[in-house]
Every structure is written in C-alpha cells, then in structure tokens.
Amino acid sequence: MPTRREFLTAAAACGLAPAAPQESAGPAFRLWYDEPASHWNEALPIGNGRLGAMVFGGVPEERLQINDDTLVSGAPGIDDLPLDVTRRFDEVVALLRQRRFAEASGVITRSWTGRSWQCYQPAGDAFFSLALPGPPQGYSRELLLDEALARAVFHAGEIIFTEECFASFPHRVIAVRFLGSRYGSLSVRARLSSPHPTARVEPLGRTALRLRGRVPGFVLRRTLEWVEKRGEQWKYPELWNADGTRKPGAQQVLYEGEAGRRGTEFELRLALLFHNGMAGIDRGVLAVDGASEAVFLIGSWSAVRNNDLDAEMRAALAASWDTLLRAHREDYQRLFRRCTVDFGASPQSSLPTDERIERFAGGADPALAALYFHYARYLMISGSRPGTEPLNLQGIWNAEVIPPWASGYTLNINTEMNYWLAGPANLPECAEPLLRMVRELSQSGARVARSMYRRPGWVAHHNTTLWRGAWPVDNDAMPSFWPMAAPWLCRHLWEQYEFTQDRALLADIYPILRGAAEFLLAWLIENDEGFLVTPAGNSPENLFVYTDSSGQKRTAGVCMGPTMDLALARDLFTNCITAASLLGVDAEFRARLASTLARLLPYRIGARGQVQEWPEDFEERDPQHRHVSHLYPLHPGMEWNPDDTPGFCDAARRSLELRGDGGTGWSRAWKVCLWARLRDGGRAWSLLARLFEPARTAPGEFRRGGVMPNLLCSHPPFQIDGNFGGAAGILEMLLQSRAVPSRPPLLHLLPALPPALPSGELRGALARGGFEVDIQWSGGQLSQARIRCATPRPCLVRYGSRTIEAAAPVVLSAPDFA
C-alpha cells in the first residue's frame with residue numbers, strides 16, 4: 001500500500017485531495033502513522049476500563065482485538081495449597097544464620113512455594129471488511145489523546161473512506177463508525193471470532209451478533225516437563241495423578257469439563273446502531289451494503305461481573321453516534337484536561353510517531369516526551385476506572401491465552417508502578433481499582449497469614465490475579481517467596497490520602513495498614529547483632545554471590561533482612577503511626593511500632609560506596625540487574641532526600657552508577673524517577689531518552705527496553721508499567737512534594753529540570769497535601785507558579801536553594817525566592 005507521502009504526488013496529478021491527517025490535535029496530543037499496523041505492537045489501544053481493544057487500522061480488513069477486564073482463567077481458590085511455614089521455619093532460620101543460603105533457598109523452594117498463577121484472557125476479535133473500488137492510497141491513522149478517539153483515513157478510487165472508534169465509559173460500549181464520501185460507496189462485512197474453542201457465534205435479530213464462550217478453567221504457564229523435572233506434580237491435580245503420572249489429555253490449557261467446569265462464561269455482542277443502506281446477517285456475518293455510513297457497537301458480559309448486557313446495549317442503541325461521542329468526550333475530558341505539560345514543538349513534531357521514536361536518540365524532540373506523558377494519562381483513564389479491575393502487566397490489552405507472566409499483577413514493582421502516576425497527574429479516582437484490590441487482597445491475605453504462617457494481620461506475595469490469591473506462586477524461593485507485597489501496596493493507600501487529604505478515606509484504609517503492620521511485627525526476628533530483621537527474604541529479583549564454609553563461590557537469593565524488606569517495614573510502620581495519630585487511635589500500637597522501628601537493622605553502605613542490597617556486602621550475580629529494590633527509600637518511598645539524608649543519597653547515586661542505564665523499559669522508568677529524586681535532571685533525561693529507544697528491530701521483531709512503535713513500553717514483550725513509570729518520572733523532574741507531620745507540606749518547584757527542557761509549562765499537577773500546581777518556566781528559570789487548594793492553608797515552597805512559607809492559594813515567581 002502506498003504511504004501518504006507516496007500518494008501526494010499521484011493525488012496531485014489526478015486532481016484528488018489526499019486524505020490528510022487531522023491537524024486539530026497538537027504534536028503532544030496525537031499519535032499518527034502512514035500505514036496500518038502489521039503487528040499487535042503497532043496497533044493503537046482504546047478502552048473504558050472494562051472493555052479494551054487494539055485497533056489495527058487495517059485495510060481492506062480492520063481488526064479490533066478485544067479484552068474484558070474480568071476474563072481470567074481459573075476460579076476463586078484455585079491457588080490454594082496446604083503450605084505451612086511453621087513446619088520448617090526453625091530449620092530455614094538456622095541455615096541462614098549459618099550462612100548456608102543456597103540450602104535454605106532449596107528448603108523454601110520445596111516447601112513454601114505454590115502454584116503457577118492464572119492468566120488474563122482475550123475475549124475475541126471484531127473484524128470489519130470493506131469492499132473497495134481500487135487499491136487504498138494516501139493512508140493515515142491516528143489516536144487523538146484529547147478525545148480518546150482512533151481514526152483511519154484513506155482513498156480508494158475517488159472515494160474517501162474514514163473509520164473512527166472509541167470506548168465509552170458512560171455507555172459501556174465500543175463504538176465504531178465507517179464512512180464513505182459518496183452515497184452507496186460503503187459496503188462492510190462484520191464478524192466476531194475468539195481464540196477460545198468454546199466460543200460460538202449466533203445471530204441476535206437481523207442486525208446483531210453475539211459470541212458466547214468460556215475462558216479456560218485452568219492454564220499452566222509452565223511446560224509439563226518443567227513441572228515434572230521439579231517433582232511438583234502434586235501441586236496440579238488437574239494434570240497429574242497422585243502417583244505423579246500424567247492424566248489422559250493433560251495439557252497446559254484446559255477448558256470446561258477438562259477443568260472441572262471451571263472457567264468464566266462471557267459474551268461479546270456486535271450490533272448495528274445506524275446505517276443508510278441495506279443490512280442483514282448471513283452465515284455469521286453482519287453485512288451493510290449501498291451505504292455511506294455504518295455505526296457498530298460492541299458490548300461485553302462476563303459471569304464475574306454479571307452485568308445486564310441487554311440493558312446496556314439497549315441504552316447505547318437508543319443513542320446516536322453524536323450523542324455517544326459527546327457523552328464520551330465530556331466524561332473523558334473531565335479527567336484528561338486536568339493536567340497537561342507543554343515542552344514546545346520541534347522540527348520532528350510533524351513526523352509519524354514511529355519516525356519520531358527512531359529520531360529521538362539526540363533528545364531534540366521534547367514534544368515527544370510531552371506526548372509520552374499525555375499518552376500515559378490516556379492509558380490510565382482508558383484502563384482503570386472506578387468499578388473496574390486494576391491495570392495488570394499489559395493494562396487491559398492482551399491477545400494471548402498464555403500471555404507473558406500471565407498478564408497478572410506482579411506485586412514486587414510492576415503493579416505498583418502502574419499507579420505511580422495517578423496521584424501526581426491528578427487522577428486519584430483512577431486508583432480506585434487498585435485500592436479496592438488491596439482491600440480484597442487483605443481479606444484473602446488474612447486467611448493465608450493464619451493458615452500458612454500462624455500469624456495475625458495479612459500477607460501477600462509476589463503475584464496475584466482477579467481471584468486475589470495471596471499465596472506464594474511457583475518457581476524458586478527467589479523471587480516467589482516474598483511476603484512483602486502488603487507493605488508496598490499500603491504505600492498506595494497512604495499516598496491516596498496524602499494527595500487527596502480525604503479523612504474518610506484515611507479512616508477506611510487504616511485497618512488495612514494496621515493489619516499489614518501486625519503481620520510484620522509477628523514476622524520479624526532478632527539477628528545475631530540484636531537487630532530486628534525479616535527471617536527470610538529476597539531483594540526482587542536479584543541474586544548474590546557468597547563464599548560458603550568450604551571456600552566455594554555460590555549463588556543464592558534468600559537471606560535474613562534484605563535491605564528492601566527493612567525499607568518496606570520502616571515505610572509501613574511510619575505511615576501507620578502517622579495515620580493512627582491523625583485519627584487519634586491506637587496509642588499503644590503506635591508506641592509498639594515506634595519501638596520496633598528503633599530496633600530495625602540499619603541501612604548499610606558498602607565498600608564501593610553503594611547502598612548494600614543485603615546485610616552483607618555481597619557481590620551481585622548480575623551487577624546491572626533490572627530491579628533497584630534497595631533504593632526504595634529514595635523512590636517510591638519518601639525516607640531519603642538530599643536535604644535530610646545526603647549520605648544515603650550519595651550512596652544511592654553510586655548504586656545507580658553501578659547498575660547502569662540499561663535494563664527493561666520499566667527498569668529505565670524507575671531510574672528516571674530515582675535520578676529525579678536525586679535532583680539530577682540531566683541524568684534523569686538521559687534515562688528518559690533511553691526509554692524512548694525504538695524497540696522494533698525488524699518487522700514483528702522487538703528488543704529489550706525502549707518503546708514499541710505505538711509508544712507502549714517494551715520489556716519485551718509489551719509491559720505497560722514503563723509507560724506510567726516514565727510519565728511519573730517526567731513529573732518528578734518538574735514537581736516534588738513531601739508531607740511531614742507537624743509542619744506544612746513541602747512543594748519543590750522544578751527540582752530536577754533537565755537542560756533539554758529550557759522552557760515549558762506544567763498545569764494541574766497534584767501535590768501531597770491536596771494542592772494543585774501550575775508551573776511556567778523559561779530559559780531554565782521559574783517564571784510563575786500558581787498553587788491552589790480547596791481550603792486556604794499554608795505550605796512550604798522551595799525553588800532552587802530557597803524555601804519560603806506561603807499561604808495557598810498563591811501565585812509565586814522567581815523574585816519571591818531571591
């Protein structure tokens with residue numbers, strides 16, 4: 001297919017106006033391309049939190065790959081196993097005290113790890129085939145971020161064809177419109193399909209189709225041989241007999257009867273809203289002929305949500321395209337337009353997005369960073385709304401039955417990173433699904449704490465799913481035995497309060513914070529130096545090298561009191577004390593937490609000047625490992641900062657230098673945030689530039705790190721956490737905030753402004769303490785800052801080396817800090 005550029009000359013020669021891309025959206029609010037997506041990682045995502053679709057912009061056949069956020073293999077309780085930490089607890093602790101780390105890891109792997117977690121599932125695909133009068137030319141497709149609208153335009157013969165689609169949160173449907181520029185020129189064939197063999201398509205009246213099916217009742221991410229090699233057949237009675245032999249028909253994916261009738265039932269529905277031609281259904285295909293316009297709606301139902309799909313579709317079908325679009329825009333823009341950045345334009349700004357990515361190496365396209373920031377906010381609004389499920393590793397967009405890492409909730413960085421942006425980017429309501437998941441997980445986690453640990457409170461480990469399993473998952477002790485997810489998730493509960501100042505929310509979340517703290521208090525033990533440490537933990541997901549008693553070099557991942565465990569304990573205990581103080585409750589419990597804090601093993605600085613990742617100054621097996629868990633106190637924690645803890649910040653800087661600037665996309669995003677917290681804008685920007693490295697190396701081939709052509713972050717494969725982490729890092733360069741008990745919140749303006757952004761504007765960012773902030777700067781210097789709040793109150797404001805006290809709402813400029 002000729003690209004738009006190739007078509008311009010030919011179009012001029014024959015007197016046709018080319019199908020120009022819409023120029024109403026600026027380069028910081030528009031992704032666009034001059035050819036259809038040939039791979040999933042080139043398609044464009046739309047979503048309403050519940051329904052997601054990847055739009056390929058295909059010609060002559062369009063494909064929308066569709067997800068429903070509640071479709072996950074398995075069922076509640078599928079992860080349950082009779083694990084009991086107490087049976088071999090003394091043995092493991094004794095081995096660790098003797099520095100027999102590998103042996104202790106082996107015991108934990110065999111005795112304290114669980115099952116493979118279940119997989120997020122695709123629902124199906126909607127295909128739309130167009131009858132064209134000639135080859136398509138002058139093609140362009142785009143995603144307009146300010147409208148949350150995907151569009152494709154091209155010519156065929158003398159006809160201009162247009163496709164537009166969006167996912168409506170108010171009406172709970174995906175709407176797709178096709179236009180032909182001449183009456184009678186449009187013929188469309190629409191159909192539904194699904195990768196699940198249980199799916200069946202049937203007509204529903206004369207202008208609708210429905211696809212009904214059931215997702216797998218069981219999915220094993222591992223191969224059967226992997227399980228058998230480890231002798232773990234006992235964990236999977238779906239596939240193996242009690243003697244370890246395979247059951248007939250044992251395979252990685254089981255449906256319906258094979259899985260004991262497990263598996264969520266679902267339905268996709270495709271209905272014709274409007275057409276001005278002829279329409280009918282023949283052999284599972286919904287056809288429109290002789291038209292110039294056809295509008296289709298896609299809805300979904302699942303047995304988990306049990307929504308009234310009939311009522312939802314009736315309501316949407318009673319509206320017009322214009323009504324649906326207007327309601328969609330009003331709902332979406334109410335959120336999206338709260339916060340924006342403007343870094344100016346550049347010569348590359350008019351290029352297709354994939355070409356801008358290819359040319360960003362020099363960092364001379366600051367508008368691409370602004371586009372990336374706005375895209376992350378678009379993805380947040382599109383993928384996480386009140387009442388929906390939280391964003392998983394792939395957000396809500398996944399096409400595979402056995403997706404990478406199950407497309408689940410990995411709780412040792414990735415799920416949390418998905419929501420780093422929500423508060424600072426003024427989207428606190430988009431964090432509701434995460435907060436609800438934490439509440440639900442605290443309930444299942446309380447059962448695991450009692451049955452597996454014989455301890456109070458609640459616990460969660462490396463991963464969870466829609467079914468809110470809190471058990472350890474399969475694989476080795478490192479990374480799977482990691483009972484520290486609850487403290488990290490509790491930071492998000494606390495941050496929601498810090499950004500919103502919602503006292504009712506604080507009272508609501510405090511019992512969850514307290515429960516996580518109760519478990520940790522019971523989990524900590526005294527080490528040989530008299531400090532309190534976790535009895536067995538790992539630093540996700542790194543390994544260390546040590547010398548055993550025979551003088552041999554060995555590798556392990558589990559020890560007593562790794563740095564991140566202690567950082568999470570300090571963070572949780574500190575926030576729990578503050579929350580209880582604000583609420584005026586639990587004085588004795590506060591005192592217990594304070595005395596425990598004083599006894600935790602201190603952080604240590606190693607021989608290379610770095611923050612030690614473990615209590616001993618071990619060598620890392622992978623010195624440039626993607627995780628930087630030991631730097632949690634710097635970010636996302638709030639314990640370290642260059643003013644109050646300069647020694648630890650210097651050590652954190654050294655740790656980052658030793659780790660290097662490579663890694664997966666999300667790893668680079670985390671480092672952007674860390675360098676910004678160290679107030680090194682130049683280094684933060686250089687990491688952001690590394691995040692923008694093109695991941696596509698050849699058609700359909702993608703490498704580690706960087707971004708896909710559709711600006712989604714590459715692990716590889718695609719993981720959405722890097723999009724949110726990178727965007728959060730952009731905000732960290734421009735505004736940081738800290739709420740400290742007994743004094744007004746501190747707002748730090750332009751704390752890590754990179755030289756690559758000499759002029760710009762930030763509007764509508766949210767700061768801790770409930771302040772909304774606008775910042776303008778020029779020539780690398782502050783021009784003006786406007787600080788707003790719902791009720792007047794004081795704040796501390798820092799710019800450069802000067803901090804002043806202000807009474808918000810207030811407008812400040814550089815002379816105020818002289």
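The legends below describe close-up views of a predicted model.

**View 1. The whole chain.** The chain holds 19 helices and 38 strands. Its C-alpha trace spans about 85 × 80 × 50 Å along the principal axes. The radius of gyration is 27 Å. A compact globule of 818 residues would have a value near 28 Å, so the chain agrees with that expectation. Of the 818 residues, 64% count as buried. The chain exposes about 27600 Å², and carbon and sulfur atoms supply 50% of that area. Among contacts with a separation of 6 or more, 69% link residues 24 or more positions apart.

**View 2. Strand E4 and its two partners.** Strand E4 covers residues 61–68 and is mostly covered, with six of its eight residues buried. Strand E3 (residues 51–55) runs antiparallel to E4, and five bridges join the two. Here Gly52 of the chain stands opposite Asn67 in E4. Strand E5 (residues 124–130) also pairs with E4 in the antiparallel sense, over six bridges. Gly124 in E5 is the bridge partner of Ile66.

**View 3. The hairpin of E3 and E4.** Five residues lie between the strands of this hairpin. Gly57 takes a positive phi there, near 65 degrees. The hairpin strands themselves are antiparallel. In a regular strand the side chains alternate between the two faces of the sheet.

**View 4. An open sheet of five strands.** The strand order is E19-E33-E34-E35-E38, and the pairing is antiparallel. Which strands form the edges? They are E19 (340–342) and E38 (810–812), each of which pairs on one side only. Neighbouring strands of this sheet are turned by 15 degrees against each other on average, direction ignored.

**View 5. Inside the sheet, and the helix on it.** Strand E34 (residues 771–778) pairs with strand E35 (residues 781–788) over seven bridges, in the antiparallel sense. One such contact point is Asp774, whose bridge partner in E35 is Arg786. Helix H19 (residues 721–734) packs on the sheet. H19 touches E19, E33 (760–767) and E34. The direction of H19 makes about 100 degrees with that of E33.

**View 6. Helix H18 and its cover.** Helix H18 spans residues 681–691. Its buried residues are Gly681, Ala684, Trp685, Leu687, Leu688, Ala689 and Leu691. What covers them? The cover includes helix H8 (366–383), helix H17 (665–677) and H19. H19 is also the helix that packs on the five-strand sheet.

**View 7. Cysteines without a disulfide.** A disulfide is a covalent bond between the sulfur atoms of two cysteines. The count for this model is zero disulfides. Cys339 is in no disulfide, and the nearest cysteine sulfur, that of Cys430, is 12 Å away. Cys339 is buried, at a relative accessible area of 0%. Why does Cys490 form no bond with the closest cysteine sulfur? That sulfur belongs to Cys576 and lies 8.0 Å from the sulfur of Cys490, which is too far for a bond. The cut-off for a disulfide is 2.5 Å between the sulfur atoms. Cys490 counts as buried too, at 2% relative accessibility.

Methods:
Residues are numbered from 1 along each chain as its sequence is written. This is a predicted model: local features need pLDDT of at least 70, side-chain atom pairs count only at pLDDT 80 or more; totals for chains, interfaces and linings use all residues. Side-chain values use heavy atoms; hydrogens and water are left out. Buried means under 20% relative accessible area, exposed over 50%, partly exposed in between (1.4 Å probe, protein chains only). Helices (H or I, at least four residues) and strands (E, at least two) are DSSP runs, numbered from the N terminus. Two strands pair if DSSP finds at least two bridges between them. Axes are lines fitted to C-alpha atoms, for helices over the stretch in contact, and angles run from 0 to 180 degrees between N-to-C directions. Contact means heavy atoms within 4.5 Å. The radius of gyration is taken over C-alpha atoms; the globule rule is 2.2 Å times the number of residues to the power 0.38. Accessible areas come from the Shrake-Rupley method with a 1.4 Å probe; for residues, only the protein chains shown count as cover.
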